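Here is a short tour to follow in your viewer, one selection at a time. Load the model, set it to cartoon, and keep the side chains ready to switch on.

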Amino acid sequence: EALKTALAGRDLGASADALEAELLAGVALRDGSRAHVAWPRELPDPLTRVSWTACVRVAPERAAALGVVDGDVLEVTGAGLSVSLPARVLPGQHPRVLGLPVGYGAGQAGLNAYRVAALEHGRLSRAGLPVDARKTGQRVELPFMQVALETHGRPLVPEVASHEQPVHAAHVPKGRDLWPEQSYPGPRWHMVIDLDACTGCSACVVACQAENNIAVVGPDEMRRQRDMHWLRLDRYFEGEGEATRIHFQPMLCAQCGHAPCETVCPVAATVHSEDGLNQQVYNRCVGTRYCANNCPYKVRRFNWFNNEVQEPVERLVLNPDVVVRSRGVMEKCTFCIQRVQSARLAARAQGDPATAVPQTACQQSCPARAITFGDASDAQGPLALLRARPRAFQVLAELGVEPSVTYLARVRAGEKHGEHA
């Protein structure tokens, strides 16, 4: 909105093709001072869903006028200097503004977006920069995390008009069940994610990667869709032009009560625990990948290589409470079982029959407190109360897999934020 206001007050000239550039600090790299750290480099941008690679954000209308699609290299020239970056067609981008990310291009002048910045009255101007753009004919294969832009009509990320409006889901009659009803003598761990509070900052993604020793695979493997993130941030667009709305939805292993992955594993490498977790036994796994094929949420990752850290200094980043997985096994979110186990052992040492509720890494790192983790078997506990709210829903619940992750729908209008606390 601030950009639209600024553009409305500027004289962009008589030509409707006049272009301006805005220099953007990405969520991960920001100004580039941490460009040597692999975790933010591999983190997909929450909007473009591209990792490792700087790309210029182009509106669909402008992309059609320039004749470019995702990956086509654009040469953006301003103040006598130019920068060449692959295009990323992004709905909601102003058609007369190109978004250029800073933080890239250390030692590579052609990738440094600061080349088109202007010095005005002793200050560096990063917006409203007059530029020209042309298609170079070159092409770069972008390392996408998510290619699809829309939900294709599926009610994956519903919205409501108020906190009291319920989410209406289609009623699907329950058919035959492959699984017997299971009782949980102790806690049943569950997670609630408030989409009305989630800003798409992706702190949870990096925290999960650091906590669970998730390997960095690099841009080539990302292009092959071999990313290893246990937690991803799905992004969808709704509407067109200036009316485009953005929806974020963190997606992780739903710890299904009736897990399809457990049905097809030939070696029982994925099993259900007595506290409701879908466990992954790495030393049993033989890498058939049947479980990933049968997972409706597509949150399981196959370890293609031995990504063992060799340098002693780099090994200091590893969490000693989590095993480093070897080549050929499946891995996925475990609800930070190492933290659950630590809380369980501490309770036993103190003679306390109740296990204290730990914080998962994603929950601990979320600045908006959009994630709540706890025991859903306590009828008066915070998890049960959150799950009972009208805007609570579960993704693909109609499949009967009984996911242990519940979402709170985003509120379109009215008072927001803080309700999940």
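A residue is called buried here when its relative accessible area is under 20%. Please keep in mind along the way that this is a predicted model.

**Stop 1: the aromatic pairs**

Start by selecting tryptophan 189 and phenylalanine 373, and show their side chains. Both residues are buried. The structure holds 4 aromatic pairs, and this one is stacked, because the ring centres lie 5.4 Å apart with the planes at 15 degrees. Now colour the strands: tryptophan 189 belongs to strand 10 (residues 189-194) and phenylalanine 373 to strand 17 (residues 371-375), so the pair ties together parts that are 184 residues apart in sequence.

Add phenylalanine 335 to the selection. Together, Trp189, Phe335 and Phe373 make up one aromatic cluster.

Next, move to phenylalanine 393 and tyrosine 407. Their ring centres are 5.7 Å apart and their planes meet at 25 degrees, so this pair is stacked. Phenylalanine 393 sits in strand 18 (residues 392-393) and tyrosine 407 in strand 19 (residues 405-408), 14 residues apart. Are these two buried or exposed? Both phenylalanine 393 and tyrosine 407 are buried.

**Stop 2: leucine 277**

Go back to Trp189 and look for leucine 277, which has Trp189 and Phe335 among its contacts. Its other contacts beyond four places in sequence are Gln255, Val271, His272, Thr334 and Ile337. You will find leucine 277 in the loop between strand 13 (270-272) and strand 14 (278-280). Leucine 277 counts as buried because its relative accessible area is 1%. For a distance to check, draw a line from leucine 277 to alanine 384: the C-alpha atoms are 17 Å apart, with the two positions 107 residues apart in sequence numbering.

**Stop 3: arginines over rings**

Select arginine 226 and tryptophan 304. The charged end of arginine 226 sits over the ring of tryptophan 304, at 3.8 Å from the ring centre. Then select arginine 289 and phenylalanine 302, where the arginine lies over the face of the ring, 4.9 Å from its centre.

**Stop 4: strand 3 and its partners**

Now select strand 3 (72-78). Of its 7 residues, 6 are buried, so to speak of it as mostly covered is fair. Which strands pair with strand 3? One is strand 8 (residues 129-139), antiparallel over 5 bridges. Another is strand 4 (residues 81-89), also antiparallel, over 6 bridges.

Two bridges are handy landmarks. Threonine 77 has aspartate 132 of strand 8 as its bridge partner, while leucine 74 is bridged to leucine 85 in strand 4. Follow the chain from strand 3 into strand 4 and you reach a hairpin with 2 residues between the strands, where alanine 79 takes a positive phi near 60 degrees.

Step to the other end of strand 3 and select glycine 71, in the loop that runs from helix 3 (60-66) to strand 3. Glycine 71 has a relative accessible area of 0%, which means that it is buried. Show what surrounds glycine 71: beyond its neighbours within four places in sequence, the contacts are Pro86, Ala87, Gln138, Arg139, Val140 and Leu142. Valine 140 is 69 residues away in sequence, yet the C-alpha atoms of glycine 71 and valine 140 are 4.8 Å apart.

**Stop 5: aspartate 234**

Select aspartate 234, in strand 11 (residues 232-238). With a relative accessible area of 5%, aspartate 234 is buried. The side chain of aspartate 234 makes a polar contact with the side chain of arginine 232, at 2.7 Å. Gln146, His247, Phe248, Gln249 and Met251 are in contact with aspartate 234 too, leaving aside neighbours within four places in sequence.

**Stop 6: the cysteines**

To finish, show the cysteine sulfurs. How many disulfides are there? The count comes to 0. Cysteine 253 is in no disulfide, and the nearest cysteine sulfur, in cysteine 333, is 5.8 Å away. Cysteine 253 is buried, at 6% relative accessibility. Then select cysteine 285: the closest cysteine sulfur, that of cysteine 291, is 6.3 Å away, which is too far for a bond, since a disulfide needs the sulfur atoms within 2.5 Å. Cysteine 285 counts as buried too, at 15% relative accessibility.

Conventions:
Residues are numbered from 1 along each chain as its sequence is written. This is a predicted model: local features need pLDDT of at least 70, side-chain atom pairs count only at pLDDT 80 or more; totals for chains, interfaces and linings use all residues. Side-chain values use heavy atoms; hydrogens and water are left out. Helices (H or I, at least four residues) and strands (E, at least two) are DSSP runs, numbered from the N terminus. Buried means under 20% relative accessible area, exposed over 50%, partly exposed in between (1.4 Å probe, protein chains only). Contact means heavy atoms within 4.5 Å. A polar contact is a pair of N or O atoms within 3.5 Å; within protein, one must be able to donate a hydrogen and the other to accept it, and residues adjacent in sequence count only if both atoms are side-chain atoms. Two strands pair if DSSP finds at least two bridges between them. Rings of Phe, Tyr and Trp (its six-membered ring) pair if their centres lie within 6.5 Å; planes under 30 degrees apart count as stacked, over 60 as edge-to-face and the rest as tilted. A charge sits over a ring if NZ of Lys or CZ of Arg is within 6 Å of the ring centre and within 35 degrees of the ring normal.
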